[in-house]
Amino acid sequence: GQPEWFSLDKVALSVDFNKLEGGNEMPITLLLNEAKGLNTGEIVELVTTFLPAPGIELMQSKGYSAWVQEDEGGLVRSYFLKNND
């Protein structure tokens with residue numbers, strides 16, 4: 001089930017891995033840089049076609065809460081809540 005902290009109106013940013021130019025850059029590095037600009041309590045969404053397990057662990061190690069949801073189309077949406085600055 002969805003965690004208490006999750007709300008679509010708190011999603012401040014969405015990063016689509018498939019639309020990243022070149023694809024050389026690790027999406028998680030990009031995500032971390034983008035997420036730095038969030039306020040506490042805001043959520044960043046990462047859209048991928050695979051489960052980004054190492055990235056999820058990395059975000060959690062940086063203090064983010066994570067929730068992953070797969071939709072019918074096979075897209076994986078990972079949500080990261082910024083808990084503190």
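## Contacts, cores and charged pairs in a predicted model

Leu-81 is found in strand S4, which spans residues 76–82. The structure is a predicted model. With a relative accessible area of 7%, Leu-81 is buried, because the limit for that class is under 20%. Its C-alpha atom is separated by 6.2 Å from that of Gly-41, although the two residues are 40 apart along the chain. Not counting residues up to four places away in sequence, Leu-81 touches Trp-5, Gly-41, Glu-42, Ile-43, Gly-63, Tyr-64 and Ser-65.

**Nonpolar cores**

In soluble globular proteins, nonpolar side chains tend to be buried together. The largest nonpolar core of this model has 13 residues, and the members that touch the most others are Leu-31, Val-44, Met-59 and Phe-80. H1, S2 and H2 are the elements that give two or more residues to this core. H1 supplies the largest share, 5 residues.

Phe-80 has contacts with Leu-31, Val-44 and Met-59, among others. Its partners outside the four-place sequence window also include Glu-42, Ile-43, Leu-46, Ile-56, Tyr-64, Ser-65 and Ala-66. A second core, separate from the one above, has 6 residues, among them Trp-5, Ile-43, Tyr-79 and Leu-81. Two of these, Trp-5 and Ile-43, are also in the contact list of Leu-81.

**Aromatic pairs**

The structure holds 5 aromatic pairs. In one of them, the rings of Phe-6 and Trp-67 have centres 4.9 Å apart and planes at 55°, so the pair is tilted. Phe-6 belongs to the segment before strand S1 (11–16) and Trp-67 to strand S3 (residues 64–70), so many positions along the chain that the pair links distant parts, 61 residues apart. Both Phe-6 and Trp-67 are buried.

Phe-17 and Phe-50 form an edge-to-face pair, with 5.3 Å from centre to centre and 85° between the planes. This pair also links distant parts of the chain, 33 residues apart. Phe-17 is in the loop between S1 and helix H1 (27–35), while Phe-50 is in the loop between strand S2 (43–48) and helix H2 (53–61). Phe-17 counts as partly exposed at 22% relative accessibility, and Phe-50 counts as partly exposed at 35%. Ring pairs also link Trp-5, Phe-6, Trp-67 and Tyr-79 into a cluster. Trp-5 and Tyr-79 from this cluster are members of the second nonpolar core as well.

**Salt bridges**

Side chains of opposite charge can pair when their charged atoms come close. A search of the whole structure finds 2 salt bridges. They are listed below with the distance between the closest N and O atoms.

| Acidic residue | Basic residue | Closest N and O atoms |
|---|---|---|
| Glu-45 | Arg-77 | 3.3 Å |
| Asp-71 | Arg-77 | 3.4 Å |

Glu-45 lies in strand S2 and Arg-77 in strand S4, so their bridge ties together parts that are 32 residues apart in sequence. Glu-45, Asp-71 and Arg-77 are linked in a network of salt bridges. Glu-45 is buried, with a relative accessible area of 9%. Arg-77 counts as partly exposed at 25% relative accessibility, and Asp-71 is partly exposed with a relative accessible area of 25%.

**Ser-78 and Thr-48**

Ser-78 is found in strand S4. At 0% relative accessibility, Ser-78 counts as buried. Beyond four places in sequence, Ser-78 touches Val-44, Glu-45, Leu-46, Pro-52, Ile-56, Trp-67 and Val-68. Among these partners, Glu-45 takes part in the salt bridge with Arg-77, and Trp-67 is the ring partner of Phe-6.

Thr-48 is found in strand S2. Thr-48 is buried, with a relative accessible area of 0%. A polar atom of the Thr-48 side chain lies 2.6 Å from the backbone oxygen of Phe-50. Leaving aside neighbours within four places in sequence, Thr-48 is in contact with Phe-17, Gly-74, Leu-75 and Val-76. Thr-48 therefore has a contact with Phe-17, given heavy atoms within 4.5 Å, and Phe-17 in turn pairs with the ring of Phe-50.

Notes: Residues are numbered from 1 along each chain as its sequence is written. This is a predicted model: local features need pLDDT of at least 70, side-chain atom pairs count only at pLDDT 80 or more; totals for chains, interfaces and linings use all residues. Side-chain values use heavy atoms; hydrogens and water are left out. Rings of Phe, Tyr and Trp (its six-membered ring) pair if their centres lie within 6.5 Å; planes under 30 degrees apart count as stacked, over 60 as edge-to-face and the rest as tilted. Helices (H or I, at least four residues) and strands (E, at least two) are DSSP runs, numbered from the N terminus. Buried means under 20% relative accessible area, exposed over 50%, partly exposed in between (1.4 Å probe, protein chains only). A nonpolar core is a set of buried Ala, Val, Leu, Ile, Met, Phe, Trp, Tyr and Cys residues joined through side-chain atoms within 4.5 Å. A salt bridge is a side-chain nitrogen of Lys or Arg within 4 Å of a carboxyl oxygen of Asp or Glu. A polar contact is a pair of N or O atoms within 3.5 Å; within protein, one must be able to donate a hydrogen and the other to accept it, and residues adjacent in sequence count only if both atoms are side-chain atoms.
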